2 protein chains.
Amino acid sequence: MSGAVHVVLASASPARLGLLRAAGLDPAVEVAGVDEDALLAAVPDATPAEKVTTLAGAKATTVARRLDLADAVVIGCDSMLHIDGALVGKPASVDEARDRWRSMAGRTGELLTGHAVLRVVDGEIDRVAEGHAVTVVRFGEPAEDELETYLATGEPLAVAGAFTLDGLGGWFVEGVDGDPSNVVGLSLPLVRRLLAGVGVSVTRLWAPPPARA
Amino acid sequence: MSGAVHVVLASASPARLGLLRAAGLDPAVEVAGVDEDALLAAVPDATPAEKVTTLAGAKATTVARRLDLADAVVIGCDSMLHIDGALVGKPASVDEARDRWRSMAGRTGELLTGHAVLRVVDGEIDRVAEGHAVTVVRFGEPAEDELETYLATGEPLAVAGAFTLDGLGGWFVEGVDGDPSNVVGLSLPLVRRLLAGVGVSVTRLWAPPPARA
């Protein structure tokens, strides 16, 4: 292999972009705009892991077909919180986010992220690697006034499970068991393995100069 | 309590500063410049947790005495990796960082961070809260060429244990058990509790506008 491999992130998530940039990549962002509800309705019997991986694959494939790049990898991801037997995405309102926090405070949930890495050669999808990761999240117990202040920032409305690990929500997460980057929305060690699976070493993608020297 | 509480980070670590900024704080940075070796030599029988907490307290106290602020909190931290019965800080050379990675790849270590939060009122230290957190880190196994590329970036030389979770090193950490922000160098949930211990709610310190809305 020679020449530059373009990296494309098939996600509008600023958290995923920030994570990749901090980890030395400088991806282009292309948002797939897939109909997630329709995709999930098509796989009603899928497990939570299958659901997030299906959505990740659909996002990456949609973007890869739209591109016209000689040599690229396209990374698609989808995250959901699995708690109380339900798979929850972004809350629809402040009230829903408040209810979510009241129900999960002091307890644990599983953050699932599905990943798809597509190798594009001469504009065609050449190789595909998919996988998911699960990280257990132990939620803290924000006081009433802390929760209201947090809700008022708007942050919980933008993210699966109404919390972040890498933003303001970090104060209210006691710990995790598993890969923390998976909670942010993209598991770095899993993506490293998926990249290797399509024939690309992650260090080859590090943008010079490195993010932190 | 009324008026603004100044937040001062008694650490030169860009990772700690970035973590606090992402979590809504905008601290001033004041580096203590304490003689860590001399401080540790004075407590030869201390446990690893006592050592990092002693250093964190010394940093915060040194900075707090230097300040002339009416109302402030000073946060001091010190991080070390506990592995193979030894407490290791920053590697002294590329060779030491390479040896460290060859020894810890595929294994686990404990990242300890000591924390001290000092409440300063009218220029005097009014209240003190200290504590430490331990996070288990499961290291991945970088290939030889990945490790050499990582060493060449310089990142491992700047950090305790020769790895980061929030930078390039994130590709080579399989997961953690505990608070991931503690691995970056400052446990957000612990600092939230220590702040409460000196009478300050963390949400009161959030800089408007929030880091992510």
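Trainee: Let's start with a single pairing: which residue is the bridge partner of L111(B) in β6(B)?
Mentor: Good place to begin, and keep in mind that this is a predicted model. β5(B) and strand β6 (residues 124–139) of chain B pair in the antiparallel sense. Within that pairing, the partner of L111(B) in β6(B) is T135(B).

Trainee: And over how many bridges do β5(B) and β6(B) pair?
Mentor: These strands form a hairpin with two residues between them. Their antiparallel pairing runs over 14 bridges.

Trainee: Which residue in the turn between β5(B) and β6(B) has a positive phi?
Mentor: Look at the two residues between the strands of the hairpin. One residue in that turn has a positive phi of about 55°, and that is D122(B).

Trainee: How many bridges join strand β3 of chain B to β5(B)?
Mentor: Strand β3 (residues 71–83) of chain B runs antiparallel to β5(B). As one example of the pairing, D71(B) has V121(B) as its bridge partner in β5(B). The number of bridges joining β3 of chain B to β5(B) is 12.

Trainee: How many residues of strand β5 of chain B are buried?
Mentor: To count as buried, a residue needs 20 or more other C-beta atoms within 10 Å of its own. By that test the strand, residues 108–121, is mostly covered. Of its 14 residues, the number buried is 11.

Trainee: Is L151(B) buried, partly exposed or exposed?
Mentor: L151(B) sits in helix α5 of chain B, and its contacts beyond four places in sequence are V94(B), A97(B), R98(B) and P156(B). The cut-off for buried is 20 or more other C-beta atoms within 10 Å, and for exposed 12 or fewer. L151(B) has 19 such atoms, so it is partly exposed.

Trainee: Moving to chain A, why is helix α7 largely enclosed by the rest of the structure?
Mentor: The buried residues of α7(A) are L188(A), P189(A), L190(A), V191(A), R192(A), L194(A) and L195(A). What covers them includes β3, β5, β6, α6 and α8 of chain A, together with β7 of chain B. The helix is largely enclosed because, of its 10 residues, the number buried is seven.

Trainee: Which residue with a positive phi follows α7(A)?
Mentor: Step past the end of the helix, which spans residues 188–197 of chain A. There, with a phi near 90°, is G199(A).

Trainee: What rotation superposes chain B on chain A?
Mentor: The superposition has an RMSD of 0.0 Å and 0.0 Å of shift along the axis. The two copies are thus related as by a two-fold rotation axis. In chain B, the C-alpha nearest that axis belongs to D177(B), 2.2 Å from it. The rotation is 180°.

Trainee: Which element of chain B gives the most residues to the side that touches chain A?
Mentor: The contact takes 37 residues from each of chain B and chain A. On the side of chain B, α5, β7, α6, α7 and α8 each supply at least two residues. With six residues, the element giving the most is β7(B).

Trainee: What percentage of the interface residues of chain B are also interface residues in chain A?
Mentor: The side of chain B that touches chain A divides into 16 nonpolar, 12 polar and nine charged residues. The copies meet through the same surface, because the share of interface residues in common is 100%.

Trainee: Last one: how many bridges join strand β7 of chain A to β7(B)?
Mentor: The two strands run antiparallel across the contact. There, G178(A) stands opposite V176(B). The bridges joining β7 of chain A to β7(B) number three.

Note on methods:
Residues are numbered from 1 along each chain as its sequence is written. Chains are lettered from A and ligands numbered from 1 in the order in which they are written. This is a predicted model: local features need pLDDT of at least 70, side-chain atom pairs count only at pLDDT 80 or more; totals for chains, interfaces and linings use all residues. Helices (H or I, at least four residues) and strands (E, at least two) are DSSP runs, numbered from the N terminus. Two residues are in contact if their C-beta atoms, placed from the backbone, lie within 7 Å. Copies are superposed by least squares on the C-alpha atoms of residues with pLDDT of at least 70 in both. Ala, Val, Leu, Ile, Met, Phe, Trp, Tyr, Cys and Pro count as nonpolar, Asp, Glu, Lys and Arg as charged, and the others, Gly among them, as polar. Two strands pair if DSSP finds at least two bridges between them.
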